[in-house]
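Dear colleague,

Please find below the structure for your files. My notes on the findings follow directly after it.

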Amino acid sequence: MTPRPPRKPGPARPRQRRFSTDDTITAEKSISAEKSITAEKHVPARQIDTLREERISASKEAPVALLDREPDAGTVIAFPEPPRRKRRRWWLTAIISAVLLVGGLIAYLVYSPALAVRTLEVQGNQLVPEDQIAAALAPLMGISLTQIGDDDVRALLADFPPIEDVSVAAAPPSTLSVTVVERVPVAILENDGRFVLIDSEGRQLSSVPDREAVALPLIDGGTDAVNSKVFSSIADVLAALPADIRGRLVHASAKSIDSVELKLTDGKTIFWGSAESNNEKVRVVAALLTMKAQDPPVNVYDVSTPSRPVTR
């Protein structure tokens, strides 16, 4: 046999690729279009093959559109909370908790029976007996200490003339301490066999059974003496005296507003004059009363002019 001449190497055939369904559909559409063009225009077969290869190559290189997917309704992407918002929420929670805690504590202190008044302590009273004060304050028993103020106690003791003011202090868990401030009596008035204590304003404070019960000067004229023209002068002088000197007086009188006289327990007299310059006169009288006994003895201390006191 005559050997075959070797075949000349022809042009390398392009490597075939695997196409997807979309590429196949596109290629079929292209071939159909080419066939319709060839049928209409009678294009040569070689050109048709070239055109077919170009169409297939272009369809492979063209980007493939992704199909739209409906989002998964059950999937939630959680983003981290900003630090500022987290701090603000923490502070808001802390403030609300503190307010609730304080409110609960206040409510407990105000309404808790653990702080109810069970014991009453009274101090500062001399003219009003303690049992009378306790009886007047009986409505406060059982009330929480936090609900009782000075005005509450003051209102209950308003009917006692000697009491000028009060102050209240709580001693938990159940003790109420009441400090009484009484008006100062400066003289005694006699009325129908009773001896009445009065202050510098002529207010009747209380009564005593006999004259010797208190060391205060007696003013003549009974209870009507407070309406006289000279009463204010006498009362001002007595109010200016210290308690130790006032306690040495047995009588106070005046014929006019400029002639106040005070009688001491030892029988000596202090001629005070008017109720002017009382502070200077008090200092002079205090010094004269500390003088040693003289011969002849002194019966009158005249301090009507405090810069030039006279004894006789």
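Two strands are taken to pair if DSSP finds at least two bridges between them. With that in mind, Ser167 stands opposite Thr179 in S3. Please note that the model is a predicted one.

Overall composition

The chain has 312 residues, of which 29% are buried. Its secondary structure amounts to 8 helices and 12 strands. The accessible surface comes to about 22000 Å², and carbon and sulfur atoms contribute 55% of that area. Among contacts in the chain with a separation of 6 or more, 49% are between residues 24 or more positions apart.

The three-stranded sheet

One open sheet consists of 3 strands in the order S1-S3-S2, and its pairing is mixed. S1 (119-123) and S2 are the edge strands, each of them pairing on one side only. From one strand to the next, the twist averages 20 degrees.

S2 and S3 (residues 175-182) run antiparallel and are joined by 8 bridges. The connection between S2 and S3 is a hairpin through 3 residues. Besides the Ser167 and Thr179 pair, Ala171 has Thr175 in S3 as its bridge partner.

The nine-stranded sheet

A second open sheet, also with mixed pairing, is formed by 9 strands in the order S6-S5-S4-S7-S8-S9-S10-S11-S12. Its edge strands are S6 and S12, each of which pairs on one side only. Helix H8 (residues 278-288) packs on this sheet and touches S10 (269-273), S11 and S12. The direction of helix H8 makes about 160 degrees with that of S10.

Within the sheet, S4 (residues 187-191) and S7 (residues 218-219) pair in the parallel sense over 2 bridges. Leu189 has Ile219 in S7 as its bridge partner.

At one edge of the sheet is S6, a strand that spans residues 204-208 and includes Ser206. Is Ser206 buried or exposed? Ser206 counts as buried, because its relative accessibility is 18% and the cut-off for buried is under 20%. Leaving aside residues up to four places away in sequence, Ser206 touches Leu127, Phe195, Val196 and Leu197.

Salt bridges

The structure holds 5 salt bridges, and three of them deserve a description here.

Arg154 takes part in two of these. With Asp151, the closest N and O atoms are 2.5 Å apart. Both residues of this pair, Arg154 and Asp151, belong to helix H5 (residues 150-156) and are 3 residues apart, about one turn of the helix. Asp151 is exposed, with a relative accessible area of 57%, whereas Arg154 is partly exposed at 31%.

Arg154 also forms a salt bridge with Asp165, and here the closest N and O atoms are 2.9 Å apart. This pair links distant parts of the chain, with Arg154 in helix H5 and Asp165 in strand S2 (residues 163-171), 11 residues apart. Asp165 is partly exposed, with a relative accessible area of 32%.

The remaining pair described here is Arg312 with Asp302, whose closest N and O atoms are 3.5 Å apart. Arg312 lies in the segment after strand S12 (310-311) and Asp302 lies in strand S11 (residues 300-302), so this salt bridge ties together parts that are 10 residues apart in sequence. Arg312 counts as exposed at 53% relative accessibility, while Asp302 is buried, with a relative accessible area of 13%.

Which residues are joined into one network by salt bridges that share partners? They are Asp151, Arg154 and Asp165.

A nonpolar surface patch

Trp90, Trp91, Ile95 and Val99 make a nonpolar surface patch of about 500 Å². Of these residues, Ile95 is found in helix H3 (residues 83-111).

With kind regards

How values were computed: Residues numbered from 1 in each chain as written. Predicted model: local features only at pLDDT ≥ 70, side-chain atom pairs only at ≥ 80, totals over all residues. Heavy atoms only, no water. Patch = residues over 30% accessible without salt bridge, like charges linked within 9 Å, V, L, I, M, F, W, Y side chains within 5 Å. Areas by Shrake-Rupley, 256 points an atom, 1.4 Å probe, with all protein chains shown as cover. Salt bridge = Lys/Arg side-chain N within 4 Å of Asp/Glu carboxyl O. Helix = DSSP H or I, 4+ residues; strand = E, 2+ residues; numbered from the N terminus. Buried < 20%, exposed > 50% of the residue type's maximum accessible area, 1.4 Å probe, protein only. Contact = heavy atoms within 4.5 Å. Axes fitted to C-alpha atoms, helices over the stretch in contact; angles between N-to-C directions.
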